[in-house]
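Grab a pencil and open the viewer. Work each exercise by yourself before you read its solution.

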Amino acid sequence: MASSSKQMDTSKYVRYTPEQVEALEKFYMECPKPSSLKRQQLIRECPILSNIEPKQIKVWFQNRRCREKQKTESSRLQTVNRKLSAMNKLLMEENERLQKQVSRFVYENGYMKQQLTNPAAVTPDLKCDSVVPTGHHQQQQNSTTLHPQRDANNPAGLLSIAEETLTEFLSKATGTAVNWVQMPGMKPGPDSIGIVAVSHNCDGVAARACGLVSLEPMRVAKVLKDRPSWFRDCRCLEVVTVLPTRNDGTIELIYMQTYAPTTMVAARDFWLLRYTTGLEDGSLVICERSLNTTTGGPVGPAAPSFVRAEMLPSGYLIRPCDGSSSIINIVDHVDLDAGNVPEVLRPLYESPQILAQRSTIAALRHLRQIAQESSGETQYGGGRQPAVLRTFSQRMCRGFNDAVNGFADDGWSLLANDGVEDVTVSINSSPNKLIGLQGGNTLAIRGGVICAKTSMLLQDVPPALLVRFLREHRSEWADSGIDAYSAASLKARPCAIPNTRHCFSSGHVILPLSHTLEHEEFLEVIRLEGNGFPQDDLLQDMYLLQLCSGMDENAAGASAQLVFSPFDESFADNVTLLPSGFRVIPLDPKTDGRATRTLDLTSSLEEGPSGNNYNLRSVVTIAFQFTCENHYQDSMVAMARQYVRSIVGSVQRVANAIAPSRLSSQAKSLPGSPEALTLARWI
């Protein structure tokens, strides 16, 4: 009996031949978790497995799944470990930089004390290693150094400028040429965007970021050079001249135009030198700066409707890390000529937090998004590739920026106002704008696109909170008749001027499409249910494509945006988009390293009227586009102007209802979450 039991125990251990393992592995790839019937079928179809019991086949598949799970977990832990090691390296470098900065401050403090007590006896020790001209003082020294005018056809002269740019950029990226302070709310960690810092007391405004991405250095360089693909404010970038240099490097002369963020200010342009080269340690550098009479080199011609801005030495330091990854140092340093901007709007061009959010952090986020998509981990609905959905997001932003700026070379021309200048209306009848509208209907060629836009200032309203309310409560500001008209304008049939009294709507449904890695931006489809006019035989659903961004209330300097466009349910890649919507940008004063106020509604509510220090101004830009035919133009212009005015009134009412400073007086008496308080106050 004992002998029989021993034989049964030993039969549980089976040694598989290579042929049997190959057959099992092949079946595992098709069906990792087969049922009992499947396992029996496998034994019948594979004679080489006939000597193995079905129970042993079951155990093999269990062990195989366990090994797969362990392998996946091991790979994940190795990835986390690599990220932590790289982040530790970045923190050590940052610590070293801060130690140098502290040593310099200690020396300068001691020198100033001696000068105050006995000025005659103090002579600066120029040999001291701690005396390093940094920050504002060094930039003033650099700005006083004039270089002779150098021609674009003189490679040696341009190479001299490029090498100077490289030196100054590296001193900012890894040194103390700028006094950096940590960006509020940015905490380093394995899942964080990286280490982000902003400038304190320097010429212009600057931001710096260090991070790790799972892309090879050459791929990173290619992505970053394609600035229009990730920098939403970039209107165009033209490479005028390319000159080869040693180490397979290049010098490029570039002309770049950027959009104005609001209707109240002019757009900016840059004339740049970009230098790409390799360093001795294997790092790759892309650095750039503006060319002007101070730096030397050719100066590009001025462009109408643009204010020439200056880019001080900036760029990207890309270091290989663990084979297929890269450690990136990004520096953005610009002088956007805020002197010709109304004082209330100067924070748009004087806030390093805004620069960090719109350019520096945006570059890191885009790289992380590309890395995740390349790994195959991104899963989007609708069967669409991530690159296609990303293109839709870019087109939405670009179309909205085009509407806000209304450049004449795009075909826009201003129309006369009705005696009140609160809303600007312009029209675009260029063929490029009309291609694809109304399904190719010839009526579109006899018309154009009308854009009504305006900007307004708000007090004490976080941009994220306002945009979230506008997104979730569309019926509070949107006109169902206008929505139906906009959606019908893409159909191959004429549509009458919208009239809300004769339009029917039963609501809208939000259908998610995609979102970025950190959920700071998401793309979705709005289904307008049961919209139609009496001339329609039946009510039908219509669609809007919507892009929402900037929903993090704690992100210092972050703007929020809600942009939508009529959308063809066919979801064709070349579908026509006519974006309209809202952009809300905070106008915090230039902080220079002060602790930034929290944008958390809960904190404001808890503080009460005595402790509430929330005092945030924002500029809200509203732009709506409509198609129209020539014989309807006057009526459409009047409708568009009146519609935008009604939206302004709705936004003001919403802002008054959700402003934390106005809610705080009632916070103690109202139970529930901040959302419940907001809703109660709004009702």
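Below are four exercises, each with a worked solution.

This is a predicted model, in which local features need pLDDT of at least 70, side-chain atom pairs count only at pLDDT 80 or more, and totals for chains, interfaces and linings use all residues. Residues are numbered from 1 along each chain as its sequence is written, and side-chain values use heavy atoms, with hydrogens and water left out.

**Exercise 1. Get an overview of the chain.**

Solution, step by step.

- Start with secondary structure: the chain has 17 helices and 20 strands. Helices (H or I, at least four residues) and strands (E, at least two) are DSSP runs, numbered from the N terminus.
- Next, burial: 50% of the 683 residues count as buried. Buried means under 20% relative accessible area, exposed over 50%, and partly exposed in between, with a 1.4 Å probe and protein chains only.
- Then the surface: about 32500 Å² is accessible, and 53% of that belongs to carbon and sulfur atoms. These areas come from the Shrake-Rupley method with a 1.4 Å probe; for residues, only the protein chains shown count as cover.
- Finally, contacts (heavy atoms within 4.5 Å): among those between residues at least 6 apart in sequence, 68% join residues at least 24 apart.

**Exercise 2. Find the largest nonpolar core and say where its residues come from.**

Solution, step by step.

- Fix the term: a nonpolar core is a set of buried Ala, Val, Leu, Ile, Met, Phe, Trp, Tyr and Cys residues joined through side-chain atoms within 4.5 Å.
- List the best-connected members: in this core of 78 residues, V220, L224, F270, L273, I318 and L367 touch the most other members.
- Trace the source: helix α9 (residues 352-374) gives the largest share, 9 residues.
- Check the domains: at least three residues come from each of domain 2 (155-375) and domain 3 (386-433 + 445-588 + 616-659). Those bounds come from an automatic or database domain assignment.
- Zoom in on L367: leaving aside neighbours within four places in sequence, L367 is in contact with V213, L215, V220, V223, L224 and I328.
- Look elsewhere too: another core lies apart from this one, with 47 residues, among them L470, I482, C548 and V637.

**Exercise 3. Work out which strands pair with β11, and explain why this strand is largely enclosed.**

Solution, step by step.

- Apply the rule: two strands pair if DSSP finds at least two bridges between them.
- Take β3 (residues 205-213): β3 and β11 pair antiparallel over 9 bridges, and C210 has N329 in β11 as its bridge partner.
- Take β10 (residues 314-321): β10 and β11 are antiparallel over 7 bridges. R319 stands opposite I327, while G315 stands opposite V331.
- Look at the turn: β10 and β11 make a hairpin with 3 residues between them, where D322 has a positive phi of about 55°.
- Take β9 (residues 310-311): 2 bridges join β9 to β11, again antiparallel, with M311 opposite V334.
- Step out from β10: β7 (residues 284-290) pairs with β10 antiparallel over 5 bridges, and I286 partners Y316.
- Now burial: 7 of the 8 residues of β10 are buried. In β11 (residues 325-335), 10 of 11 residues are buried, so the rest of the structure largely encloses this strand.

**Exercise 4. Count the disulfides, then decide whether C46 and C202 are buried or exposed.**

Solution, step by step.

- Count pairs of cysteine sulfur atoms within 2.5 Å: the structure holds 0 disulfides.
- Check C46: its relative accessible area is 17%, so C46 is buried.
- Check C202: at 8% relative accessibility, C202 is buried as well.
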